[in-house]
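Welcome, and please open the model in your viewer. We will go from stop to stop, with a selection to make at each one.

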Amino acid sequence: MIIILKPHATDEQIQHVVERVESLGLQAHLSRGSYRTIVGVIGDEAKLHVTPLKAIAGVAEVIPVLPAYKLASVEAQREPTIVDVGGVQVGGGHLAMIAGPCAIEGAERLDIIATAVKKAGANILRGGAFKPRTSPYAYQGMGEEGLKILRDIGDKHGMPVVTEVMDTRRVEMVAEYTDMIQVGARNMQNFSLLTEVGQTGRPVLLKRGMSATVQDLLMSAEYILSQGNPHVVLCERGVKGFDPATRNLFDVAAVPCIKGLSHLPIIVDPSHATGRPDLIPPCALAGVAAGADGVHIEVHNQPEDAMSDGPQALLPEQYAKIAAQISDLAKLLGKEISPLPGVHA
Ligand code: PEP
Ligand code: MN
């Protein structure tokens with residue numbers, strides 16, 4: 001940590017800063033220039049986070065050297081984390097292909113979609129049983145009945161499943177039915193939910209909040225990691241932009257940016273990022289080209305009848321086409337789409 005003092009900080013103020021640092025068992029290295037004095041702090045920086053050093057008279061700026069997301073950072077771990085989702089590896093060159101409808105609408109329909117996406121190369125089946133809808137009058141999901149359907153259809157096709165949990169009271173129930181728990185964009189900073197989900201030990205798909213910075217996302221991951229759950233996959237799903245031409249603003253640069261900061265896998269969700277079927281394939285490819293560890297795409301066999309997010313759903317044949325292109329691109333990059341459990345690449 002570096003503490004920069006104000007231009008006219010007095011000797012007493014500088015001395016006070018030094019004493020404060022030393023009182024915490026850390027070393028203070030004073031460097032006096034013609035205009036400014038800076039104090040370099042050596043030792044466990046975490047001890048200083050609790051101290052509001054910036055409030056000390058004479059202090060202009062306090063600059064941490066290490067990131068606040070201690071467990072999620074590349075400083076904490078050099079090798080990429082590989083998360084095992086029901087036998088499907090995500091990260092470290094293994095791509096997740098998460099696909100399925102926005103909402104679970106019934107067993108028959110999910111079965112049709114699962115059959116199609118599996119054939120196309122998807123390795124994790126998605127579907128929402130608890131839907132975060134802007135309107136309380138919109139379709140809210142099938143609840144536990146939907147979870148049962150997702151589990152059954154996933155098992156039938158030998159696919160691990162992922163579904164969203166929105167409420168701390170439902171974490172245990174959702175964890176029982178699913179291989180991976182999704183924390184949606186709207187709940188990325190629901191800290192009680194993150195803690196609760198962390199305690200399950202289940203793999204977590206943590207989606208970036210629509211107004212969250214990269215740092216915010218990594219701090220939210222830290223909540224899960226700090227519960228002793230290392231199985232976190234991040235997801236870039238677009239942030240709020242100014243242009244209604246797309247649903248959100250797909251921040252593809254966040255992918256390599258996060259790769260430079262964290263060892264955690266990061267996938268992209270071009271469905272929610274763009275909200276437009278015509279933009280999903282190019283953005284999926286852009287995400288993988290940028291280093292993403294997978295792609296999350298909503299697929300529906302009858303988008304016009306979908307209970308949620310129909311207008312952005314890809315048809316199964318459209319999904320098959322982009323999945324094949326992603327597979328080719330993965331090979332070019334020396335990566336692979338993870339095989340399903342029991343299936344050899
Ligand atoms: C979803 O995956 O269905 C979803 C609601 O996504 P997000 O939280 O990214 O909006
Ligand atoms: Mn959706």
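## First stop: a helix residue

Select Tyr 319, which has its place in helix α11. Helices here are DSSP runs of H or I with at least four residues, strands are runs of E with at least two, and both are numbered from the N terminus. Tyr 319 counts as buried because its relative accessible area is 1%. Buried means under 20% relative accessible area, exposed means over 50%, and partly exposed lies in between, using a 1.4 Å probe and protein chains only. Now add Ile 181 to the selection: Tyr 319 and Ile 181 are 138 residues apart in sequence, and their C-alpha atoms are 23 Å apart in space.

A word on what you are looking at: this is a predicted model, in which local features need pLDDT of at least 70 and side-chain atom pairs count only at pLDDT 80 or more, while totals for chains, interfaces and linings use all residues. Residues are numbered from 1 along each chain as its sequence is written, chains are lettered from A and ligands numbered from 1 in the order in which they are written, and side-chain values use heavy atoms, with hydrogens and water left out.

## Zoom out: the whole chain

Show the full chain as a cartoon and you can trace eleven helices and 15 strands. Along the principal axes, the C-alpha atoms fill a box of roughly 75 × 45 × 40 Å. Of the 345 residues in the chain, 50% are buried.

## The manganese ion

Next, select ligand 2, the manganese ion. Which residues coordinate the manganese ion? They are Cys 102 through SG, His 272 through NE2, Glu 298 through OE and Asp 309 through OD, at 2.1 to 2.4 Å. Donors are N, O and S atoms within 2.8 Å of the metal (3.2 Å for Na, K and Ca), and sites may look incomplete because water is not among the atoms. Along the chain, the donors follow the spacing C-x169-H-x25-E-x10-D. Glu 298 lies in strand β14 (residues 294-298) and Asp 309 in the loop between β14 and α11 (316-332), so this pair ties together parts that are eleven residues apart in sequence.

Stay on Asp 309 for a moment. Is Asp 309 buried or exposed? Asp 309 counts as buried because its relative accessibility is 18%. The phi angle of Asp 309 is near 55 degrees, a positive value in a residue other than glycine. Show side chains here and you will find a polar contact of 3.1 Å between Asp 309 and His 272. A polar contact is a pair of N or O atoms within 3.5 Å; within protein, one must be able to donate a hydrogen and the other to accept it, and residues adjacent in sequence count only if both atoms are side-chain atoms.

Now pick Gln 312, also in the loop between β14 and α11. Gln 312 is buried, at 3% relative accessibility, and its side chain makes a polar contact of 2.8 Å with the side chain of Glu 298.

## Ligand 1

From Glu 298, move on to ligand 1: a polar side-chain atom of Glu 298 lies 3.4 Å from an oxygen atom of this ligand. Lys 131 also has a polar side-chain atom 2.9 Å from an oxygen atom of ligand 1. For Arg 186, an N or O atom of the side chain is 2.9 Å from an oxygen atom of ligand 1. How much of ligand 1 does the protein cover? The protein covers 98% of the 300 Å² of accessible area that ligand 1 has on its own, with areas from the Shrake-Rupley method and a 1.4 Å probe.

## Outlying stops

Select Met 166, in the loop between β9 and α5 (171-177). Met 166 counts as partly exposed, at 28% relative accessibility. The C-alpha atoms of Met 166 and Arg 186 are 8.8 Å apart in space, with their positions 20 residues apart in sequence numbering.Select Glu 164 next, in strand β9 (residues 161-164). Glu 164 counts as buried, at 7% relative accessibility. Add Gln 15, which is 149 residues from Glu 164 along the chain, and the two C-alpha atoms are separated by 53 Å.

Finish at Gly 141, in the loop between β8 (124-126) and α4 (144-157). Gly 141 is partly exposed, with a relative accessibility of 24%. Draw a line from Gly 141 to Ala 253: these residues are 112 apart in sequence, and their C-alpha atoms are 33 Å apart in space.
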